[in-house]
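Reader: I am new to protein models and would like to learn how to read one. Could you take me through a few features, giving the idea first and the case afterwards?

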Amino acid sequence: MTAYVEAVSELRPRMRRAIIMVQDLVMVLVAVALSLILSQSRLSFDAFSVGGLACWALIVLIAHLLFRSSGLYNTVWRFASTPDFFNILKGCGSLTVVLYLASLAFRFFFQPVAGLNERQFIVFFLVSFTIISAPRLYYRFLRDGASWRILRRAAGDASTKQALFIGRLGEADLIVRFTRTAQPAEYAIAGIMATESAAPLGTRIQGVPVVALRPRLVEVLEDYVKGTQSLDLLIFGQGVEREIEDYAELVRVARHSGIAVVQFAGLSELGQGGKLVLDAVEMETIMRRSAVATDTTRIGAFVGGKRVMVTGGAGSIGRVLVKRALELGAEAVLVADNSEFGIFQLDQQTDDADRDRLTSRIVDVADRPHMTRLVSEFKPAIIFHAAALKHVPLLEENWEAAIETNVFGTLACAEIAAECGVPQFLLISSDKAVDPTSVLGVTKRAAEQIVSSLHEAQAASPPPRAGAANGHAGPVDLRHSGTKFIAVRFGNVFGSNGSVATVFQAQIEAGGPVTITDRRMTRYFMTMAEAVDLVIMSAADAEQRQGKDDYAIYMLDMGEPVPILEVAETMIRMAGKSPYTDIPIRFTGIRPGEKLHETLHAENEEVVKLDTAKIFGLRTGVVEWPRIEAALPALAAAMQARDKAAALAILAGLYRAEEDMGGVREEAVPKAAGQVG
């Protein structure tokens, strides 16, 4: 039976339909014979006489016409559902009634027929419906039945993973189709949990049942994992984390039951050879924010066809910036980073199709001659300056490296951009720059001030000149550069190097304990992909702005701050374990330079809502370039003397001067280094 059904399913549609029609007519004749045998009827005429054969032919003709009119051949077996079986019921019922009426007419007008009564027709109806439905039901069982897949796995086919899909019905249809066409089959969708409230419960998408609707997704999943041992995979649709409130709980239930959790990311190729791309669900998606859809058209138009340079491009944020620029159609991307291993990893993660457009160079961003040569040769249209040291406790001890990279590295890259006529320079900043209490904070704030001051100098008429600063700065004429300088400020990014997510993950995998400095500590969090897209969107927005509506600093909407303790507890649960019981949590106390709570803007900074979602402009006090220029030699001297207190005092002095301005640009005159602060 199985071989026959599979053989028929492989035939061409017309041939398959013809065979099914013949099969149904044979079944009708078998049903007639069985009904007579089962009811022990003895006909008064010879079934194989001329009259008997004519009777069988008439039955076949009537059955064929009624089955066609009932829509029995307008569907494909593997998509057969309740309406299709109703068509069989309707066809068999109509045939039974017609044959019964025909027998009455024959007996009335011609001659009585012994051994034929209502009992035979009732049996005929039941038998015909059963044997005509059976092949279709069996085929459906073979192709789509979760029970059959479980039996096949028990017989040794352990390679096909049983999965539940959670998402929209349109994606479910796509995923079911591609899981069936994949050779060899990797996944089999056993059920669909729909996020659309209007989805009809109990209906089927290509034979796969809709088993749950919002808001009962968690409840149904819990019941499902308790009732079966065969489920291997939970597949989320794209963007589901932003659509349902129970996303994290669904992940927890699945992982606690030993079920892998992935998210549909698209198709690797189209056509019959298409393959699903499934990404692992990471913490950055679980601790979601109310994100909005990225205006891909706008950022694509901004990046497409341009030459893009990313400093720190082998770092976590820089790497995603590089990947996104390539995806958006950048003509070429240049990565400047001092990490050999980071560049190696970036190269390994880059698709072969994109390698021709990617160039990587091992270089220190504070190495002015090397950076100047790179920029002048590559001629970028925009520089994303993501290179920075950013680990708070480490930089308290390694403050010279922090100043060299975060301050003088930013200064060198910004002035080289102006010197080489780069149209746009964008600094990746941090919420640590607001009311800084750490070396990282004051150095990032100084970097913001450098960019803001150059931004204002570019807009001024006539613009001031930038001079030398103890070998760190060269003569740059801003008058003719035309470079637009901006900074983008935002908080923590999940998955970045050294972030709490990566630290906690390693601690959980090691069995604990998970260490938290203070149970009251909160932080802003954003997914890596969203942060990068909003950074590019800020650059696109800045390109169009002039005059009073122009902003030197952009701030991303990070939503509400999240308690670090909640992040740790959620990650432990996502690993299928219980906080405090399976994985202990230990509080170690606040480390040097850390705050309990970060803020995205100071009290004296004005936040301006822009037309672009999730992006704000900041109006803040700006230290004029001559004042910064005067402080740089003193800062370099303090570094040479290894005088941390003096170096931080110079940087803090610039910050205090800005505070005194109350958010209004200072009409400053050049001051000597000793007068700074």
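Author: Gladly, and we can begin with angles between helices: those under 35 degrees count as roughly parallel, over 145 as roughly antiparallel, 65 to 115 as roughly perpendicular and the rest as oblique. Before we use that, note that this is a predicted model, where local features need pLDDT of at least 70 and side-chain atom pairs count only at pLDDT 80 or more, while totals for chains, interfaces and linings use all residues. Residues are numbered from 1 along each chain as its sequence is written, and side-chain values use heavy atoms, with hydrogens and water left out.

Reader: How are H12 and H19 placed relative to each other?

Author: Two packed helices are described by the angle between their axes and the distance between the axes. Axes are lines fitted to C-alpha atoms, for helices over the stretch in contact, and angles run from 0 to 180 degrees between N-to-C directions. Helices (H or I, at least four residues) and strands (E, at least two) are DSSP runs, numbered from the N terminus. Here, the axes of H12 (residues 316-327) and H19 (residues 528-543) cross at roughly 65 degrees and come within 10 Å. The two helices are therefore roughly perpendicular. Their crossing is right-handed, a word used if the near helix is turned clockwise from the far one by less than a right angle, with anticlockwise giving left-handed.

Reader: What does it take for a residue to count as buried?

Author: Buried means under 20% relative accessible area, exposed over 50%, and partly exposed in between, with a 1.4 Å probe and protein chains only. In helix H20 (residues 564-574), 9 of the 11 residues are buried, so the helix is largely enclosed by the rest of the structure. Among them are Ile564, Glu569 and Met574. Just after H20 comes glycine 576, with a positive phi of about 80 degrees.

Reader: And how many residues of helix H9 are buried?

Author: In H9 (residues 247-256) the count is 7 of 10, so this helix too is largely enclosed by the rest of the structure. Its buried residues include Tyr247 and Arg252. Glycine 258, just after H9, takes a positive phi of about 80 degrees.

Reader: Which side chains meet in salt bridges, for example with arginine 324?

Author: A salt bridge is a side-chain nitrogen of Lys or Arg within 4 Å of a carboxyl oxygen of Asp or Glu, and the structure holds 25 of them. Arginine 324 meets glutamate 327 at 3.2 Å, N to O. Both lie in helix H12, 3 residues apart, which means about one helical turn separates them. Arginine 324 counts as buried at 17% relative accessibility, while glutamate 327 counts as partly exposed at 48%.

Reader: Where do arginine 489 and glutamate 605 lie?

Author: Their side chains meet in a salt bridge too, at 3.0 Å, N to O. Arginine 489 is in strand S13 (residues 484-489) and glutamate 605 in the loop between strands S20 (585-587) and S21 (606-609), so the pair ties together parts 116 residues apart in sequence. Arginine 489 is buried, with a relative accessible area of 0%, and glutamate 605 is buried as well, with 6%.

Reader: Is arginine 520 buried or exposed?

Author: At 51% relative accessibility, arginine 520 counts as exposed. Its salt-bridge partner is aspartate 518, with the closest N and O atoms 2.9 Å apart, and aspartate 518 counts as buried at 14%. Elsewhere, salt bridges that share partners join Asp431, Lys432, Arg523, Lys595 and Glu598 into one network.
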